Amino acid sequence: MATLVSFPPGGTWFDTLKKSFIGVPVDAANGNAIPTTDFLQAAESLTTLFDLLGSIAFTPVKNDILGNIKKVHDRQLTSPSDSSTIQSLVLNELKAKKHNATEGLLWLVRGLDFTAQALRHNQSHPQDELSTSFRTAYTSTLKPHHSFLVKPIFSAAMSATPYKKDFYAKMSASEDEGKVKVEMGKWLDALENQVGILKEFMGRKEVKW
């Protein structure tokens, strides 16, 4: 699963992203509309983080997120004029009496929330190893929705996380943990904002099937 990541001189993993959540414009004047293409590109870019974790145990986690991205993207390709924003894509799909992409988005948001909470917990609790942060995040995001068959697969991934110092070293060309944490904080702010917007949206009455 692991792939070699090439950083620019003095750069970090964040410099390698095709799209960062920081670069996804949220239209506050239009109900916090989130552009579909930008959001999906940022979500796909996020999945390379699991390569840095360096264990095949994270393959199911990565594939789950990519699979849900595909469900949303397929709907966008099928009906591009109705799918310029994530919210319009969902509402128009539901009007058509379908919900494949909407269900995919629900799981995608859960996966992004899991990742954000794990990394935020590790920043807020510097004494904790990654395994603790990822287990804590899994318990509060994905685990309540997983079947008894899926839980062991994801639990195995939580136990396969590298030591924190090794992980942060992998995220920077110069192994500059301080720089990585500053950039991660900004990236997490944007990710958490978009996850929060979509969690609220997905909880509305009109977004049910």
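This is a short tour of a predicted model, stop by stop. Residues are numbered from 1 along each chain as its sequence is written. Local features need pLDDT of at least 70, side-chain atom pairs count only at pLDDT 80 or more, totals for chains, interfaces and linings use all residues, and side-chain values use heavy atoms, with hydrogens and water left out.

Select first helix 6 (residues 130-140) and helix 7 (residues 151-159), whose axes come within 8 Å and cross at roughly 155°; helices here are DSSP runs of H or I with at least four residues, numbered from the N terminus, and axes are lines fitted to C-alpha atoms over the stretch in contact, with angles from 0 to 180 degrees between N-to-C directions. The two helices are therefore roughly antiparallel, a word used for angles over 145 degrees. On the helix 6 side, the contact (heavy atoms within 4.5 Å) is made by S131, F134, R135 and Y138.

Next, show F114 and Y138, an edge-to-face aromatic pair with 6.4 Å between centres and 85° between planes; rings of Phe, Tyr and Trp (its six-membered ring) pair if their centres lie within 6.5 Å, and planes under 30 degrees apart count as stacked, over 60 as edge-to-face and the rest as tilted. Both F114 and Y138 are buried, meaning under 20% relative accessible area with a 1.4 Å probe, protein chains only. Now add F154: its ring centre is 5.9 Å from that of Y138 and the planes lie at 10°, so this pair is stacked.

Finally, go to Y168 in helix 8 (residues 164-170), which is buried with a relative accessible area of 1%.

Methods
Parallel < 35°, antiparallel > 145°, perpendicular 65-115°, else oblique. Buried < 20%, exposed > 50% of the residue type's maximum accessible area, 1.4 Å probe, protein only.
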